[in-house]
Structure formats: C-alpha cells, structure tokens
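Biologist: I am new to this structure. Please pick one buried residue and take a close look at its surroundings. Then place that part in the wider fold.

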Amino acid sequence: MKKFLAILLSLVMVLSLAACGGGSDQPSPTTDKPAENQPADDQGGGAPETKTVKVGLICIGDENDQGYTYNFIRGKEAATEALAAKGIDVDWVVKWNIAENSGCEDANIELADDGCQLIINNSFGFEDHMLKVVDDYPEVEFIACTNQGSWNDGRDNTHNAFANIYEGRYLAGVVAGMKLQQMIDEGEITADQAVIGYVGAFSFAEVISGFTAYFLGARSVCPSVTMKVQFVGSWSDATEEANAASALADMGCVMISQHSDNTTPATTAEAKGVFHTGYNNDMISVAPGASLIGTRINWAPYFEYAIEAVANGESFDQDWCHGMDMGAVVMTDLNEDIAAPGTAEKLAEVEAKIRSGELQVFDTSTFTIEGKALESAFALDTDGDFTPDSEEAVFDGAFHESYFQSAPYFALSIDGIEWLNSAF
C-alpha cells in the first residue's frame, strides 16, 4: 500500500509540473486567448482535466504532395502537440485525395456520422458541398478554409478561416527583387529584362491578391521589374504547372513564382537556369540552385484556437484571419547560397514594418491601374460581385485586403503585370 501511495504521489507531482509548464496563467503566443479560456486546474491545484476532441480533416491531396496538403498536415501536427500540453488530446480522422465534387459531401457525412465534433475542409472548392451537409448536423462545427460563404450564412455551426498570406507574398517579392537588382547591377541582365513569370491556379481574387503583393514587393527594391502571369486552371496539376513555368522561362522570365500546389515550377526553374520563389513549402531541397525562399500559411494557430474552443464548449470566430501578427503567415528558410547580399537584413526590416503597420502592402501610392491612381474599390460580397452595399476597401491611403472578410477580395489588374490568359 505504501509503495502504491508513493507511486501515486510521484505521478501527481509530475502532472502538476507539466500543468505549470503549460502556462495557463499567460495568453498563448499562438492563439492570444486570455487566461480564463485555458483549461482550468481542478480546485485542488492539480493537473488540468484531460479532454479529447474528435476532428475530421478533408484534404484535396495527401501529405506526399510536398505542397498544399502537406502544409495542412504540418499545421495539424503542430496544433496537436500544443494542445496536448494544455491537456487536450485530438483524435484526427483524415480523408485524403477528395475531389471538389459530391465526394466531398460524402466525406463530410461520413466524418459527422463517425462522431467528429469538428470537421475541417481544406480546399476552396469544398465549401459548396460542405454546406449541403451542415444543417443535418447542427451539433458539429464545420470549417471551410480559404473560403468565404460560411461565416455569414445565418448558421451557427459554419466557419471560414484564412490568413493574410499577401504579407508573405510581399516579402517573397522583396527577396526576388533583390536578386533581380543584383543581376542588373552585375550586368547579367538589363533593367528591362527583369521579368517575373508567375504560375497561377485560377484568376480568382485569392491568386490575384497574392501575385500583386508579390510584384509590389519586388518592385519596391527593383523599380524596372515587370511580371507575366500564366493561369493553369487547377489548384494542383503538377504537369501543367511545370509546362507553364517552362513557357514563362522561354518568354524571357528570369524569376518564377507560383500560387499552385506542387513543386514542379521550382524544379522547372532549376532546369531552365532561372530563379524561383515558392509557396506552401521550402523548395530549396528540390531546387537548390534556383529556389530563393517561400512563404506559407501556418495553420497551427487557427487549428489550436478552434479545437480548444470545441474542447471547452466555447464558441469561436465564424470568420478568422490573421497574419504575421499571430504567426499565421511565415517565411521558409532563405537560400543564402544564392540570395543577393543584404537580403536577410532587408527581409527583417520590411517584415518589422509590416508587423507594425508602417508598411501597407497595397499602398495606393505604389501602383496604378491604366495609368491612374486607385481612389475607390469595393470589397466583394460572397458571390464575388460588386454590389451597392459592399464596403469601401480603399481608405487611409491603402486598399485594405481581408479587412471585411477573411477571404481576399483584391481582384484588380494593375499596371506592370500582364495576364497571359484567365481561368475561372
């Protein structure tokens, strides 16, 4: 009996120390939630109660794509670890390679019937199918990532989530511009040859916002830069992405970037002898002589926030969006072997200005549309249309992206960027 009591006392001490290490007296650095929303200790001051949440994740790809879905899995794993430290265990059920069709509807039904308390849909095209299911499961919380129709649909159990990825795009553009300016200064190219090729999935606001931010970042350090955009009509088509990157390089683009899910634009850039900046993942390993840097959404802060709320029986935002302020947008490693001298220092300087609000990515003094400054533009409604009751997005000298809703609504074509086609 004494031996049993000694073991029990040791276990309580270990769990108490773990609870102290969880930092329940302080806001979480990733969720910024106040202390009262953290798992509470029992009245005796012992370990927090362990809770389990069953979460479904529906993915358009799988972890092997090394891009979009892989990035979600990184967020899943980081959030799981952070929540475990708070006494919350996550039972994940993942559906891989789900198409943007009725198969997504079936996947949501299966996960709800399997007892998932929270279901996360990771692709833009999933939302319409998800919304066909949600009314039958009012006790289940449904999230449509990178989308815009759920937060104001009149339901309590539907949510949208995005991140200010345009901040990371701008920084990646600064890195690209630094490299292009170095090439000009060293006589490798002329000023008018500083041309960026951009592989875009669709001509949606999400993609347009991203490549415009990227271009503005590049032009902030390389004034002569121009851009050509080739849309491929798919979020994830490795072959078409490679073909588009190849065609852009053949048109004279000496820098390639992308808003598409695969690494083939990076490997194609390497094969073509041009430079590259990536998305969703660090692509240096597949293109060490081409890939300079990348940017990605870090889904861990949001997953942690939403799952913790469900575990505690609390409501959570129906439209969530943060950027570098919450660690929801991050940069991948800088390839110092090929980056222009001074890039790391410049990157830190610009990032600090974005974080502080000193630098507005879509500062209207930095671009024109058909030769004119932008004085007025309206945030898009959920159908993607400009309507009389839409919100004025231009104020205080900037277009305020993702201010009225998490999903991007910058869909303007600015001077200096040539669209080679369109794809809806």
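Modeller: The answer starts with one asparagine, then moves outward to the sheets and cores.

The model is predicted: local features need pLDDT of at least 70, side-chain atom pairs count only at pLDDT 80 or more, and totals for chains, interfaces and linings use all residues. Residues are numbered from 1 along each chain as its sequence is written, and side-chain values use heavy atoms, with hydrogens and water left out.

Start with N108. It lies in helix α3, residues 102-113. Helices (H or I, at least four residues) and strands (E, at least two) are DSSP runs, numbered from the N terminus. N108 is buried, and its relative accessible area is 0%. Buried means under 20% relative accessible area, exposed over 50%, partly exposed in between, with a 1.4 Å probe and protein chains only.

What does the side chain of N108 meet in a polar contact? The side chain of N121, at 2.9 Å. Such a contact is a pair of N or O atoms within 3.5 Å; within protein, one must be able to donate a hydrogen and the other to accept it, and residues adjacent in sequence count only if both atoms are side-chain atoms. Beyond four places in sequence, N108 also has contacts (heavy atoms within 4.5 Å) with I58, I119, M130, V133 and F142, among others.

Now the sheet. Six strands form an open, parallel sheet, ordered β2-β1-β3-β4-β5-β11. Strands pair if DSSP finds at least two bridges between them. At the edges, β2 (88-95) and β11 (319-322) each pair on one side only. Neighbouring strands are turned by 20° against each other on average, direction ignored. Strands β1 (51-58) and β3 (118-121) run parallel, joined by four bridges. G56 has I119 in β3 as its bridge partner.

Helix α3 packs on this sheet and touches β1, β2, β3 and β4 (141-145). Its direction makes about 165° with that of β1. Axes are lines fitted to C-alpha atoms, for helices over the stretch in contact, and angles run from 0 to 180 degrees between N-to-C directions.

Last, the cores. A nonpolar core is a set of buried Ala, Val, Leu, Ile, Met, Phe, Trp, Tyr and Cys residues joined through side-chain atoms within 4.5 Å. The largest has 97 residues, of which L180, Y302 and F399 touch the most other members. Helix α5 (165-185) gives the largest share, twelve residues. A second, separate core of 17 residues includes M130 and F142. Both M130 and F142 are contacts of N108.
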